[in-house]
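The following note sets out comments on the side-chain interactions of the structure shown below. The points are numbered for ease of reference.

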Amino acid sequence: MRSVTYSMGVSLDGYIVGPDGGFDWTAPDEEVFRFVTDEIRDVGVHLLGRRLYETMLYWETADQDPSLDESMLEWAAIWKPLPKVVFSTTLSAVQGNARLASGGLVEEIERLRAEPGEGDIAIGGATLAAEAAASGLIDEYRARVYPVLVGGGIPFFPQCERRVDLELVETRTFSSRVVYLRYRVARWPSSSFSCEASTDSSAEGVAEGIGLS
């Protein structure tokens with residue numbers, strides 16, 4: 001069965017965006033950017049909300065930007081054809097290889113898992129991730145931890161009512177001191193859980209993308 005993954009950059013105190021809406025501290029260097037590019041190769045479909053979708057529209061035509069270097073063009077070549085599902089109550093149409101979600105997040109994930117296909121089901125943004133976590137649908141949390149404390153903002157992890165056991169399956173330290181942690185949710189027989197999370201995502205739309213968060 002296809003895994004549901006949630007991968008973002010996060011401060012050491014657990015935020016993907018600071019209290020002022022800033023996330024400049026997540027700008028990837030060449031090594032981290034290459035790692036994020038390799039990670040997206042394993043994605044079969046990307047789920048995202050309206051703000052993130054609109055932020056990432058640039059990459060639909062990025063190959064026409066003469067200022068981009070090879071690594072950016074490589075990212076664009078992977079992102080553009082990647083199937084995307086957009087969750088929005090205001091959009092009536094989307095561009096590129098994207099479609100509007102025909103149901104709720106849980107229904108979409110269950111449908112995608114049932115369909116034949118390869119690659120992970122990636123979730124972009126804290127709001128969608130919180131909803132998926134509330135239903136116990138996230139299989140892996142992948143955090144690129146930056147050596148900075150921001151003091152507040154949008155949290156990477158939702159507020160959970162119960163303990164969620166995790167298994168560390170991969171770790172890596174980059175030369176920039178960013179630490180990558182990949183955790184798999186431990187599916188014990190009694191590990192069902194629910195979470196409550198704030199859905200305040202005013203700055204979230206710009207917080208994810210090419211390794212920025």
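Which residues are linked in a network of salt bridges?

1. The model under review is a predicted one. In it, the network of salt bridges links Glu-39, Asp-120, Glu-140, Arg-142, Arg-144, Glu-170, Arg-182 and Arg-184. A search of the whole structure returns 18 salt bridges.

2. One member pair of interest is Glu-39 and Arg-144, which form a salt bridge whose closest N and O atoms are 3.9 Å apart. Since Glu-39 belongs to helix H1 and Arg-144 to strand S7 (residues 140-146), the pair ties together parts that are 105 residues apart in sequence. Both ends of this bridge, Glu-39 and Arg-144, are buried.

3. Arg-182 forms a salt bridge with Glu-140, and here the closest N and O atoms lie 2.9 Å apart. The partners sit in two strands, Arg-182 in S10 (residues 179-185) and Glu-140 in S7, so parts that are 42 residues apart in sequence are tied together. Glu-140 has a relative accessibility of 4% and therefore counts as buried, the limit being under 20%.

4. A further salt bridge joins the side chains of Lys-80 and Asp-63, at 3.8 Å from N to O. This pair links distant parts of the chain, 17 residues apart: Lys-80 is in the loop between H3 and strand S4 (84-87), and Asp-63 is in the loop between H2 and H3. Lys-80 has a relative accessible area of 34% and is partly exposed. Asp-63 is likewise partly exposed, with a value of 46%.

5. Turning to the aromatic residues, a search of the whole structure gives 12 aromatic pairs. In one of them, the ring centres of Phe-33 and Trp-75 are 6.3 Å apart and the planes meet at 50°, so the pair is classed as tilted. Phe-33 is part of helix H1 (residues 30-40) and Trp-75 part of helix H3 (residues 70-79), so the contact ties together parts 42 residues apart in sequence. Phe-33 and Trp-75 are both buried.

6. Trp-75 also pairs with Trp-59: the ring centres are 6.5 Å apart and the planes stand at 75°, so this pair is edge-to-face. It links distant parts of the chain, 16 residues apart, with Trp-59 in the loop between helix H2 (50-56) and H3, and Trp-75 in helix H3. Trp-59 and Trp-75 are both buried.

7. Which residues form one aromatic cluster? The members are Phe-33, Tyr-58, Trp-59, Trp-75 and Trp-79. Over the face of Trp-79 lies Lys-84, at 5.0 Å from the ring centre.

8. A last point concerns Val-145, which lies in strand S7. Its relative accessible area is 16%, so Val-145 is buried, as the limit is under 20%. The C-alpha atoms of Val-145 and Val-10 are separated by 5.0 Å, although these residues are 135 residues apart along the chain. With neighbours within four places in sequence left aside, Val-145 is in contact with Val-10, Ser-11, Leu-12, Arg-177, Val-178, Val-179 and Leu-181.

9. In summary, helix H1 holds Glu-39, whose partner Arg-144 is in strand S7, and also Phe-33, whose partner Trp-75 is in helix H3. Strand S7 further holds Glu-140, the partner of Arg-182 in strand S10, and Val-145.

How values were computed:
Residues numbered from 1 in each chain as written. Predicted model: local features only at pLDDT ≥ 70, side-chain atom pairs only at ≥ 80, totals over all residues. Heavy atoms only, no water. Phe/Tyr/Trp six-rings, centres within 6.5 Å; stacked < 30°, edge-to-face > 60°. Helix = DSSP H or I, 4+ residues; strand = E, 2+ residues; numbered from the N terminus. Buried < 20%, exposed > 50% of the residue type's maximum accessible area, 1.4 Å probe, protein only. Lys NZ or Arg CZ within 6 Å of the ring centre and 35° of its normal. Salt bridge = Lys/Arg side-chain N within 4 Å of Asp/Glu carboxyl O. Contact = heavy atoms within 4.5 Å.
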